[in-house]
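The following note sets out comments on the model, arranged by topic. Please read the points alongside the sequence and the coordinates.

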Amino acid sequence: MDCALNFKPGQIVSLECGDACLHSEVIQVVEARQVCWVRPLMLVVLLSGKDLSAQWSEDYTLSDLRDGADLLWPGSLFRAALDTEVISLLTELQSLDSEKKDGAIASRQLRDFVDRVWEAFPSAFH
């Protein structure tokens, strides 16, 4: 959890779980509880169903989560996002603004991801 204490407000962090990766902006680090308050930006899900650790693919869906709920989660779950992995995704996210977005679908995708993380990392939440 030491790395989480190095996160700064405005920094982009990532949380990988299976075939999905949540990219969020750090709002605040609560050092006393070793948790991060983050604002989800986007969820990237590989369409091939492969694990993200295997190899990055061009076949993915990108969901805009900027209008969704914030999370207060253990800092140990996050890692600092690399510029090379998020810059092109942020550019693509901006282009989604011109298209019709469905907030209900994005909210459901975030909820499903949260459920998967709770199942995958139960000890982090105790």
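How much area does the chain expose, and what share of it do carbon and sulfur atoms supply?

1. The model is a predicted one. Its chain exposes about 7,400 Å², of which carbon and sulfur atoms supply 52%. Of the 126 residues of the chain, 37% count as buried.

2. The secondary structure comprises two helices and six strands. Read along the sequence, these follow the pattern β-β-β-β-β-β-α-α. Among contacts in the chain with a separation of 6 or more, 62% are between residues 24 or more positions apart.

3. Side-chain pairing deserves separate comment. Side chains of opposite charge can pair when their charged atoms come close. A search of the whole structure finds six salt bridges; several of them are taken up in the points below.

4. One of the salt bridges joins the side chains of D19 and R116, with an N to O distance of 2.8 Å. This pair links distant parts of the chain, 97 residues apart: D19 sits in the loop between strand 1 (12-17) and strand 2 (20-30), while R116 belongs to helix 2 (residues 103-120). D19 has a relative accessible area of 17% and therefore counts as buried, the cut-off being under 20%. R116, at 32%, is partly exposed.

5. The side chains of R39 and D70 also meet in a salt bridge, again given as N to O, at 2.8 Å. R39 lies in strand 3 (residues 35-46) and D70 in the loop between strand 4 (60-64) and strand 5 (71-74), so the salt bridge ties together parts that are 31 residues apart in sequence. Which exposure class applies to R39? R39 is partly exposed, with a relative accessible area of 31%. D70 is likewise partly exposed, with a value of 28%.

6. A further salt bridge is formed by the side chains of D64 and R66, at 2.7 Å from N to O. D64 is buried, its relative accessible area being 13%. R66 is partly exposed, with a relative accessible area of 26%.

7. Finally, E16, R79 and E85 should be considered together. Salt bridges that share partners join these three residues, E16, R79 and E85, into one network.

Key:
Residues numbered from 1 in each chain as written. Predicted model: local features only at pLDDT ≥ 70, side-chain atom pairs only at ≥ 80, totals over all residues. Heavy atoms only, no water. Salt bridge = Lys/Arg side-chain N within 4 Å of Asp/Glu carboxyl O. Helix = DSSP H or I, 4+ residues; strand = E, 2+ residues; numbered from the N terminus. Buried < 20%, exposed > 50% of the residue type's maximum accessible area, 1.4 Å probe, protein only. Contact = heavy atoms within 4.5 Å. Areas by Shrake-Rupley, 256 points an atom, 1.4 Å probe, with all protein chains shown as cover.
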